[in-house]
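The following report looks at a single buried position, at model confidence and at pairs of aromatic rings. The structure is shown first.

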Amino acid sequence: MDPVSVGVLSILPPVIAVVLALITKEVFSSLIVGILSGTLIYTLKTDGNIILGPVESALSVMGNKFDLNIVLFCSLLGALVYVIYMAGASKAYGNWATAKIKGRRSALLSTSALGAFIFIDDYFNCLTVGTVMRPITDKYKISREKLAYIIDSTAAPICIIAPVSSWAAAVGSNLKATNAFDSDIAAFCATIPWNFYALLCILLVVLVCCFNVDFGPMYKAEKEAYESTKAAKADDVNETDDSIEVKGNGTVLDMVVPIISLIIFAVLAMLYLGGYWGEDTKYHTLGAAFGNTDSSQALVLSSFGALVVAFLMMVPRKLLSLKEYMDGVLRGVQAMIPANMILTFAWTISGVTRDLLQAPEFISSIVQNDIGFVGVVLPAVIFVIAGFLSFSTGTAWGTFGILIPIVVIVAQAVDPNSMELTIIALSATLAGSVFGDHCSPISDTTVLSSAGSGCVHIEHVYTQLPYSLTVAVSALIGYAIAGVTRSLPLSLGASVIIMVVLITFMHKRQLRIAKSQVNA
């Protein structure tokens, strides 16, 4: 299927999907309508069969974009979660953690710390943190929406500033292709302090956890979670899914050991697939091996290995019979079907937008042809464009993969005598890509955050959006200042101050609204 250029119509499919999802709060039909609207545009442009053409094109793109490794990883991790629950290990872990973690604040901060600790890959982060912390946050009456927000905000924002991660490898490969830097990893590290969105996002998580500054739909979700869980029976508090029947009397180790095994296996598999122990000596360093690895395949291997560890711990000790264990695996895979469907549809609409209708080329032409770009506005403008493109396509990797070559050329043309503007512009590209990915309903990490936390997907998107926009506005102002001053302390400091002022204002406004509703 040959791509076609349709101009501004190329961004119509994701816009339709996003608007419908926000209006109807139903993701599947919204994504399907978005996909078919895109393939209909393609069919009309290519004079195809208007009846069968859109469906055939959609199925073709779906087949090309389908990532079996990610689907397998999600399914196997769902199976691992299910058998851990069935063995009673989650309940035991919840009881133990309750004794160690005192109160909501400690539970929230512990969730954030675990999210920051798992920086290797955002997919791995989203599902693992949710698996481990969900029983604890349920115990302390924390809404699934807030859990999903913390998971999502410590996934991509952490990975994009971690020098050893799958994201660093992806960025490094794009930087290397530009031939503008002596060292791609050094260039990546130089962007970290200028990545305002990621840094502010992490800071906001800490502020929300420590001071409970909720506002917008999240305030309502937290209030409802607190009131509903107050009436829960003590024996049911640790249960995260009433449909899962606990069969065994597992211990804390029956949960912790498989999860730790998952982490260890993931790291070892990434190093192995990256050639760390191979014959080519150029991959015999951690950075080179992680840069050369296949992270999705490594995650499949690690989740399978963790399932084997769980089997060896549970079946011989008769926590679960062989039949119960295999039934748990099957039910866990079935539980991940909705998340896998959303991922598949998200990949498809991204493929339709990017590959068939050439939305990136349309956005790129705007960037390259606008002669009004100058150094003082370049970082802020790039942040907006990257955020819009990432939000529309649901992919941060695809966004910075498209924009990095363009941004390097434009920045060096504006200021050929210094790399400072180039680094700031690259940072704005990465930050905008993460912002769009962070709040897009069709982003895979957004989907996985919902799945890992057990939260309704569109509710996660709806409650997280005000927080993402607050951080984005603060970062945008920081990039505007950076374009003028090129001062890191001044621009980052201003962003932090603006964000703190905004969240304080919105939290107090939310409290006034809540008080007025009570009095009414």
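In this predicted model, T39 lies in helix α2, which spans residues 27-45. With a relative accessible area of 0%, T39 is buried, and its side chain reaches the backbone oxygen of L36 at 3.1 Å. When neighbours within four places in sequence are left aside, T39 is in contact with P54, S57, A58 and V352.

Confidence varies along the chain, whose pLDDT averages 84, with 92% of the residues scoring at least 70. Among the elements of the chain, helix α12 (residues 196-211) has the highest mean pLDDT, 96, and helix α19 (residues 359-369) the lowest, 67. Over residues 229-242 pLDDT stays under 50, and for this stretch the model has 20 contacts beyond four places in sequence.

The structure holds nine aromatic pairs, including the two tabulated here.

| Pair | Centre to centre | Angle between planes | Class |
|---|---|---|---|
| Y149 and Y467 | 4.8 Å | 40° | tilted |
| F383 and Y479 | 5.5 Å | 35° | tilted |

Y149 belongs to helix α8 (residues 144-153) and Y467 to helix α24 (residues 457-485), so their pair ties together parts that are 318 residues apart in sequence; both Y149 and Y467 are buried. F383 lies in helix α20 (residues 378-393) and Y479 in helix α24, so this pair ties together parts that are 96 residues apart in sequence, and both F383 and Y479 are buried. F383 and Y479 also belong to a cluster in which ring pairs link them with W194, F196, Y197 and F435.

Technical notes
Residues are numbered from 1 along each chain as its sequence is written. This is a predicted model: local features need pLDDT of at least 70, side-chain atom pairs count only at pLDDT 80 or more; totals for chains, interfaces and linings use all residues. Side-chain values use heavy atoms; hydrogens and water are left out. Helices (H or I, at least four residues) and strands (E, at least two) are DSSP runs, numbered from the N terminus. Buried means under 20% relative accessible area, exposed over 50%, partly exposed in between (1.4 Å probe, protein chains only). A polar contact is a pair of N or O atoms within 3.5 Å; within protein, one must be able to donate a hydrogen and the other to accept it, and residues adjacent in sequence count only if both atoms are side-chain atoms. Contact means heavy atoms within 4.5 Å. pLDDT is the predictor's confidence in each residue, from 0 to 100. Rings of Phe, Tyr and Trp (its six-membered ring) pair if their centres lie within 6.5 Å; planes under 30 degrees apart count as stacked, over 60 as edge-to-face and the rest as tilted.
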